[in-house]
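Let's take a friendly walk through a protein structure, looking at its chains, its charged residues and a few spots along the backbone. Keep the picture open as you read.

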Amino acid sequence: MGVDQRVVLVTGASRGIGRAVALRFAEEGYAVVVNYMGNEEKAREVVEQIEAKGGQAIAIKADVSKQEEVEALLQELLNRFGRIDVLVNNAGITRDNLLMRLKENDWDAVMNTNLKGVYLCSKAIAKVMMKQRQGRIVNLTSVIGQIGNAGQSNYAAAKAGVIGFTKSLARELASRNITVNAVAPGFIVTDMTDKLPEELRNNMIQAIPLSRFGQPEDVANVVVFLASEQSAYITGQTINVDGGMVMA
Amino acid sequence: MSANIFEKVKAIVVEQLGVDEEDVNMETSFEDLNADSLDVVELVMALEEEFDIEIPDEDAEKIKTIGQAVEYIKENQ
């Protein structure tokens, strides 16, 4: 491994947007840490796909909502690569229900993975980045955190939380040459959105000026941009990748 | 003993804050060295690592000078 080999950690990278982000960073020449929680087989497929193209990757299992597991993940990452240049906080889950039917454990599960996980991973990794005097953090939020969605109050709250967290962290870490930004996907074709009913999907397309759903690669392109030198003067921002669904 | 601790603390402060060794003595405050709040957090983290101690926030807030840091480490090591 060359001394200039850059290293990215993508949480929740076994499928969906995380997977596309991991593959895209590999194309850019990064060594990729593919974090996953449940789907070891899928995570290994991502690693194999990167290695088949001559890239470097390892899969590391960790529940991002548990501090000990995040610390163990970081140790394994540093033992293997010795540095971390980019953190992509992507791991996320949904437990949809109308508030009246939303159980406390479904609220907690979404908050723990989608918001607390961002805090725990950012805290652990930022400590290393501060010493390096350099780093990039990109958080995956959602248009739902900006406009809300019936049946997703937990998800919307967590994703709105990520936007506020991004702004605060951007201010805290700016003096250390670490930028922190968020990407807000709209309707992207993944397992997460495949679960939505046909009728709802048809209605949603009416609200998208570009009249089509996005692909995970559309999001990955922006994440890679926010980790690159080209975005050096951008911090604390949320960039929408939503076909024009939400315009600030 | 405390001379030894002082040398180690000085080395950490010089490295973390990028200041000259001559500017660091027992009476120097972190403020004198233009350390901002994040610098102080980093310093405390580095001291915890070097001396294998845990410095709670309420104690860290009271440490304003190099001498106070040396005293604290001496008492808690």
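## Two loop residues in chain B

Asp52(B) sits in the loop that links H2 to helix H3 (57-60) of chain B. Before going further, please note that this is a predicted model. The backbone angle phi of Asp52(B) is near 55 degrees, which is a positive value in a residue other than glycine. Is Asp52(B) buried or exposed? Its relative accessibility is 71%, and anything over 50% counts as exposed, so Asp52(B) belongs in the exposed class.

Asn34(B) is another residue to find in a loop of chain B, this time between helix H1 (2-17) and helix H2 (37-51). Its phi is near 60 degrees, again a positive value in a residue other than glycine. With a relative accessible area of 69%, Asn34(B) is exposed.

## Chain B as a whole

Now step back and look at the whole of chain B. Its secondary structure consists of four helices and zero strands, and reading along the sequence gives the pattern α-α-α-α. The radius of gyration of chain B is 11 Å, close to the 11 Å that the globule rule gives for 77 residues, so this chain is as compact as a globular protein of that length.

Along the principal axes, the C-alpha atoms of chain B fill a box of roughly 25 × 25 × 20 Å. How many of its 77 residues, as a percentage, count as buried? For chain B the figure is 44%.

## Chain A as a whole

Chain A has nine helices and seven strands. Its radius of gyration is 17 Å, close to the 18 Å that the globule rule gives for 248 residues, so chain A is as compact as a globular protein of that length.

The C-alpha trace of chain A spans about 50 × 40 × 35 Å along its principal axes. Buried residues make up 50% of the 248 residues in this chain.

## Salt bridges within a chain

Side chains of opposite charge can pair when their charged atoms come close. Over all chains, a search of the whole structure finds 15 salt bridges. One of them joins Asp85(A) and Arg83(A), whose closest N and O atoms are 2.7 Å apart. Asp85(A) has a relative accessibility of 7%, and the limit for buried is under 20%, so Asp85(A) counts as buried. Its partner Arg83(A), at 21%, is partly exposed.

In chain B, Glu71(B) forms a salt bridge with Lys74(B), with 3.5 Å between the closest N and O atoms. Both residues lie in helix H4 (residues 66-76) of chain B, three residues apart, which is about one turn of the helix. Glu71(B) is partly exposed at 34% relative accessibility, and Lys74(B) is partly exposed too, with a relative accessible area of 38%.

## A salt bridge between the chains

Which residue of chain A meets Asp36(B) in a salt bridge? The partner is Arg176(A), at 3.8 Å from N to O. This pair crosses between chains: Asp36(B) is in the loop between H1 and H2 of chain B, while Arg176(A) is in the loop between helix H6 (153-173) and strand S6 (178-185) of chain A. Asp36(B) is partly exposed, with a relative accessible area of 32%. Arg176(A), in contrast, is buried, with a relative accessible area of 4%.

These two residues also belong to a network, in which salt bridges that share partners join Arg133(A), Arg176(A), Asp36(B), Asp39(B) and Glu42(B).

## A negative patch and a tyrosine in chain A

On the surface, Glu41(A), Glu45(A), Glu48(A) and Glu51(A) gather in a patch of negative charge. To find the patch, look for Glu45(A) in helix H2 (residues 40-52) of chain A. Glu45(A) has a relative accessible area of 39% and is partly exposed.

Last, find Tyr119(A) in helix H4 (residues 104-132) of chain A. Tyr119(A) is partly exposed, with a relative accessible area of 36%. Where does Gln67(A) lie in relation to Tyr119(A)? The two are 52 residues apart in sequence, and their C-alpha atoms are 9.8 Å apart in space.

Notes:
Residues are numbered from 1 along each chain as its sequence is written. Chains are lettered from A and ligands numbered from 1 in the order in which they are written. This is a predicted model: local features need pLDDT of at least 70, side-chain atom pairs count only at pLDDT 80 or more; totals for chains, interfaces and linings use all residues. Side-chain values use heavy atoms; hydrogens and water are left out. Patches are made of residues with over 30% relative accessible area and no salt bridge: like charges are joined within 9 Å, nonpolar side chains (Val, Leu, Ile, Met, Phe, Trp, Tyr) within 5 Å. Accessible areas come from the Shrake-Rupley method with a 1.4 Å probe; for residues, only the protein chains shown count as cover. A salt bridge is a side-chain nitrogen of Lys or Arg within 4 Å of a carboxyl oxygen of Asp or Glu. Lys and Arg count as positive and Asp and Glu as negative; His and the chain ends are not counted. The place of a charge is taken as NZ of Lys, CZ of Arg, CG of Asp or CD of Glu. Buried means under 20% relative accessible area, exposed over 50%, partly exposed in between (1.4 Å probe, protein chains only). The radius of gyration is taken over C-alpha atoms; the globule rule is 2.2 Å times the number of residues to the power 0.38.
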